[in-house]
Amino acid sequence: MTDNLHSHLDIALRHGRPGTTPTPIPRLEVSVGQATPGTSPCLYRSMICFILQGSKDVAINDNLLRYDASQYLVSALDLPLSGQIRDADDGSPYVAISLVLDPALLAEVASAMPAAGDADTPGSGIAINPMTPQLRDTLLRLMALLDTPADITALAPMAERELVYRLLQGPQGRLLRHIARPEGAIGRIRRAVEWIRDHGNTRLRIEALCEAAGMSRASLHRHFVALTGLSPIQYQKQLRLQEARQLLLAGDLSASDVAYAVGYESPSQFSREYLRQFGAPPARDVRKLRHSIDTQMIN
């Protein structure tokens, strides 16, 4: 952890619990966790993430990205990835703050800034850049409102607006401006992602997906893979398996019931793909997850 993040870390640890904790500030969450022995699937939303302690590896499209408290991450759309969290050098747990991005706010703030001639091809949907003093200070002002909840309604929107302004000024301003453009490549792929999420338990129809995105089949595939590292069918499978894992953790359904609930036609196919994705059959994986959660709660 950098010396300049002690105040941020103190606030996060007072308001966060093991796992992911929503806060009274809209779309702002605190994540606290122990190091994981290897990579595991995770869902990144369209968000900005600041690590306060520890580090994290993220794999997308065969690229491994590592970031820590000296950097921040921007995710342009919901991305099912593989990640591994790491404790700090002194063994202290991983701690991070994430803010889900509001495209309307991005567009509003960007419209008040000098025009930028961005190409329509944004490249990857995820990027990592160095933390700056301006971002660090603005983030602290936003987080400090957790200690004065009565001020959140009036002051949080202003602090978030300043944070977005600083982000738009940074190296990923181009990526963030793409998020704010509904007719750009990211905007169209975001619509495709929303369609897949809304129809996650039905057979994927590429024609319907192209219609939702307003793109040709070739263009959709090219941009989808570039931004997410996955084909649309692979993306849907990742979402189904992650949803299945959450349903199994809830403990209300059997593995067979979960398989049908997320759109599989065969429980045996579901079990095979679950094993490939998570490294263990459904029942064993869930037992391991529950044990890990219980251990973190005790510690």
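Which residues line the second largest pocket? In this predicted model, the lining takes in Thr202, Arg203 and Leu204, then Ile233, Gln236, Lys237 and Arg240, and finally Gly263, Tyr264, Glu265, Gln269 and Glu273. The space they surround has a volume of about 290 Å³. Sorted by class, the lining comes out as five charged, four polar and three nonpolar residues. Two helices stand out as contributors, since helix 9 (232-250) and helix 11 (267-278) each supply at least two of the lining residues. Helix 9 gives the largest share, with four residues.

Helix 9 also turns up in a helix pair, this time with helix 6. Two packed helices are described by the angle between their axes and the distance between the axes. For helix 6 and helix 9, the axes come within 10 Å and cross at roughly 45°. An angle of that kind is neither under 35 degrees nor in the 65 to 115 range, and helix 6 and helix 9 are therefore oblique to each other. As for handedness, helix 6 passes helix 9 in a right-handed crossing. On the helix 6 side, the contact is made by Val193, Ile196 and Arg197, while helix 9 brings Pro232, Tyr235, Gln236 and Leu239. Five of the residues in this contact are nonpolar, with one polar and one charged residue making up the rest. Gln236 of helix 9 is part of this contact, and Gln236 is also listed in the pocket lining.

Just ahead of helix 6 sits Glu183, in the loop between helix 5 (173-179) and helix 6 (185-198). Leaving aside residues up to four places away in sequence, Glu183 touches Arg188 and Arg191. The C-alpha atom of Glu183 is separated by 40 Å from that of Ser7, and the two residues are 176 residues apart along the chain.

Ser7 leads on to another helix pair, helix 1 (residues 6-15) with helix 3 (residues 133-144). Here the axes come within 10 Å and cross at roughly 30°. That angle makes helix 1 roughly parallel to helix 3. Helix 1 passes helix 3 in a left-handed crossing, whereas the crossing of helix 6 with helix 9 is right-handed. Where the helices meet, Ser7, His8, Ile11 and Ala12 come from helix 1, and Arg136, Leu139, Leu140, Met143 and Ala144 come from helix 3. Broken down by class, the contact of helix 1 with helix 3 has six nonpolar residues, two polar ones and one charged one.

Key: Residues are numbered from 1 along each chain as its sequence is written. This is a predicted model: local features need pLDDT of at least 70, side-chain atom pairs count only at pLDDT 80 or more; totals for chains, interfaces and linings use all residues. Side-chain values use heavy atoms; hydrogens and water are left out. On a 1 Å grid over the protein atoms alone, a cavity is a set of points where a 1.4 Å probe fits but cannot get out, and a pocket is an open set with protein on both sides within 12 Å along at least five of seven lines; lining residues have an atom within 4 Å of a point. Grid points are joined across faces, edges and corners, and a volume is the space filled by probe spheres set on the points. Ala, Val, Leu, Ile, Met, Phe, Trp, Tyr, Cys and Pro count as nonpolar, Asp, Glu, Lys and Arg as charged, and the others, Gly among them, as polar. Contact means heavy atoms within 4.5 Å. Axes are lines fitted to C-alpha atoms, for helices over the stretch in contact, and angles run from 0 to 180 degrees between N-to-C directions. Angles under 35 degrees count as roughly parallel, over 145 as roughly antiparallel, 65 to 115 as roughly perpendicular and the rest as oblique. A crossing is left-handed if the near helix is turned anticlockwise from the far one by less than a right angle, and right-handed if clockwise.
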